[in-house]
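Colleague: I've just been handed this one and don't know my way around it yet. Could you walk me through it?

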Amino acid sequence: MRAVDSRVRPVGFGIRAFLLVATPLAFLGGTQVTLLSEHTQTYWAWTIALPISAIFIGASFCATSVLFAWGLQQREWIRVRAVVSGGPFVTVGLLVATLRHIGEFHGAVGVIWVEAYVFAVPAFLAAAVQQLTVPGRDRPVEERLPAWLRGALALQAIAMLAWGVLLFARPHHAGAVWPWPLAPLAAEAIAAWLLGIGGSAAYISLRGDRADMPGAALSYIVLGAIWIGGAIFAGDAFRNGLDTVLYILFAASVIVVGLAGATISYREGRYLPLSGESA
């Protein structure tokens with residue numbers, strides 16, 4: 001059983017409260033838009049023309065709920081920092097997309113979406129500021145991830161960050177850089193998630209700490225699996241066969257990295273419950 005050093009910086013109440021609220025919301029939103037991807041005009045915050053776009057967004061929410069759930073089990077801030085490292089990109093990106101296209105939101109889910117992201121950014125920033133006041137030290141890197149795994153994460157991070165920037169910069173011409181047609185709001189929402197996931201992958205790759213990988217690995221497996229499921233279920237939206245193959249290969253590489261990270265974490269006992277004095 002892994003003990004917790006009482007001198008390390010614990011997770012502050014602000015970040016923990018944010019995760020407590022965000023985890024179930026991400027899970028519920030992700031499962032709803034994924035399972036009802038063909039009925040977003042009724043059951044989602046805005047109408048998403050192509051089911052594969054809805055499934056992509058749903059996959060991001062579902063994977064994030066897994067990552068946040070893992071974060072709720074952690075006592076040390078340095079471990080949760082990896083969990084929320086992509087948070088600023090996602091929350092700010094989705095807020096910008098929401099404010100740019102606020103007229104497209106409809107129904108009760110639309111109202112909840114707008115209110116959630118209007119409050120999510122200041123709530124996250126306030127939680128981050130509060131975390132800075134928590135005393136303690138951050139544990140240094142003790143065991144490095146294998147070089148090949150860090151390299152794979154880095155390449156995936158670069159690809160996702162590049163796509164995210166391009167989609168945000170040219171949402172009305174997203175078809176030029178994306179495998180299927182995208183309306184501007186869907187393009188910006190997908191861009192926000194790519195920036196968030198890519199930012200998290202970049203953080204874990206750069207820091208290279210094995211202890212940051214367990215939750216991210218599980219999240220990656222969920223993400224890649226739903227991406228591939230979406231390609232199978234709604235793959236007729238792809239522009240051509242090459243785009244389909246490249247998308248599935250990238251999703252498969254995400255699963256491979258997730259499985260590798262989860263295997264390493266399991267063998268090293270990182271999925272065992274924490275023990276010792278509570279932080």
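What follows is a chat in questions and answers about this predicted model.

Colleague: Let's start with the open spaces. What is the volume of the largest pocket?

Modeller: Its lining takes in 42 residues, and those closest to the centre are Ala22, Ala26, Phe61, Tyr117 and Trp193. The elements giving two or more residues to that lining are α1, α3, α4, α5, α6, α8 and α9. As for the volume of the largest pocket, the computed value is about 900 Å³.

Colleague: And how many charged residues are in the lining of the largest pocket?

Modeller: Split the lining of the largest pocket by class and you get 32 nonpolar residues. Another 10 are polar. For charged residues, the answer is: no charged ones.

Colleague: Now the closed spaces. Which element gives the most to the lining of the largest cavity?

Modeller: The structure holds 1 cavity of 30 Å³ or more, and the volume of the largest cavity is about 40 Å³. Its lining is made up of Leu67, Trp70, Gln74, Arg79, Ala82, Val83, Ala211, Asp212, Gly215 and Ala216. At least two lining residues each come from α3 (51–72), α4 (77–84) and α9 (213–234). The top contributor, with 3 residues, is α4.

Colleague: How many charged residues does the lining of the largest cavity have?

Modeller: By class, 6 residues of this lining are nonpolar and 2 are polar. The charged ones number 2.

Colleague: Back to α4, then. How many of its 8 residues are buried?

Modeller: The buried ones are Trp77, Ile78, Arg79, Val80, Ala82, Val83 and Val84. They pack against α1, α3, α5, α6 and α8. The helix is largely enclosed by the rest of the structure, because the buried count is 7 of the 8.

Colleague: Tyr203: buried or exposed?

Modeller: You'll find Tyr203 in helix α8. Leaving out residues up to four places away in sequence, Tyr203 touches Ile78, Arg81, Ala82, Ser85 and Asp212. With a relative accessible area of 18%, against a cut-off of under 20%, Tyr203 is buried.

Colleague: How far apart in space are Tyr203 and Gly224?

Modeller: In sequence, Tyr203 and Gly224 are 21 residues apart. Going C-alpha to C-alpha, the distance in space is 19 Å.

Colleague: Let's talk rings. What kind of aromatic pair do Phe18 and Phe124 form?

Modeller: A search of the whole structure finds 23 aromatic pairs. In the one formed by Phe18 and Phe124, the ring centres are 5.1 Å apart and there is 70° between the planes. The pair links distant parts of the chain, with Phe18 in helix α1 (residues 13–35) and Phe124 in helix α6 (residues 107–132), 106 residues apart. Planes over 60 degrees apart count as edge-to-face, so Phe18 and Phe124 are edge-to-face.

Colleague: What about Trp46 and Phe105, how are their planes set?

Modeller: The ring centres of Trp46 and Phe105 are 5.6 Å apart. This pair also links distant parts of the chain: Trp46 is in the loop between α2 (40–43) and α3, and Phe105 is in the loop between α5 (87–100) and α6, 59 residues apart. Trp46 is buried, and so is Phe105. Their planes are at 70°, so the pair is edge-to-face.

Colleague: Which helix gives the most to the largest nonpolar core?

Modeller: That core has 89 residues, and those with the most contacts inside it are Trp46, Trp113, Trp180, Leu182 and Trp227. Giving the most to it, with 14 residues, is helix α8.

Colleague: Trp180 is in that list. Which aromatic cluster is it part of?

Modeller: Among the residues Trp180 touches are Phe56, Phe238 and Tyr247. Those three sit in one aromatic cluster with Trp180. The full cluster is Phe56, Trp163, Trp178, Trp180, Trp227, Phe238, Tyr247 and Phe250.

Colleague: Last one: Asn240. How far is it from Trp180 in space?

Modeller: Asn240 is in the loop between α9 and α10, and at 38% relative accessibility Asn240 counts as partly exposed. Asn240 and Trp180 are 60 residues apart in sequence. In space, C-alpha to C-alpha, they are 8.8 Å apart.

Methods:
Residues are numbered from 1 along each chain as its sequence is written. This is a predicted model: local features need pLDDT of at least 70, side-chain atom pairs count only at pLDDT 80 or more; totals for chains, interfaces and linings use all residues. Side-chain values use heavy atoms; hydrogens and water are left out. On a 1 Å grid over the protein atoms alone, a cavity is a set of points where a 1.4 Å probe fits but cannot get out, and a pocket is an open set with protein on both sides within 12 Å along at least five of seven lines; lining residues have an atom within 4 Å of a point. Grid points are joined across faces, edges and corners, and a volume is the space filled by probe spheres set on the points. Helices (H or I, at least four residues) and strands (E, at least two) are DSSP runs, numbered from the N terminus. Ala, Val, Leu, Ile, Met, Phe, Trp, Tyr, Cys and Pro count as nonpolar, Asp, Glu, Lys and Arg as charged, and the others, Gly among them, as polar. Rings of Phe, Tyr and Trp (its six-membered ring) pair if their centres lie within 6.5 Å; planes under 30 degrees apart count as stacked, over 60 as edge-to-face and the rest as tilted. Buried means under 20% relative accessible area, exposed over 50%, partly exposed in between (1.4 Å probe, protein chains only). A nonpolar core is a set of buried Ala, Val, Leu, Ile, Met, Phe, Trp, Tyr and Cys residues joined through side-chain atoms within 4.5 Å. Contact means heavy atoms within 4.5 Å.
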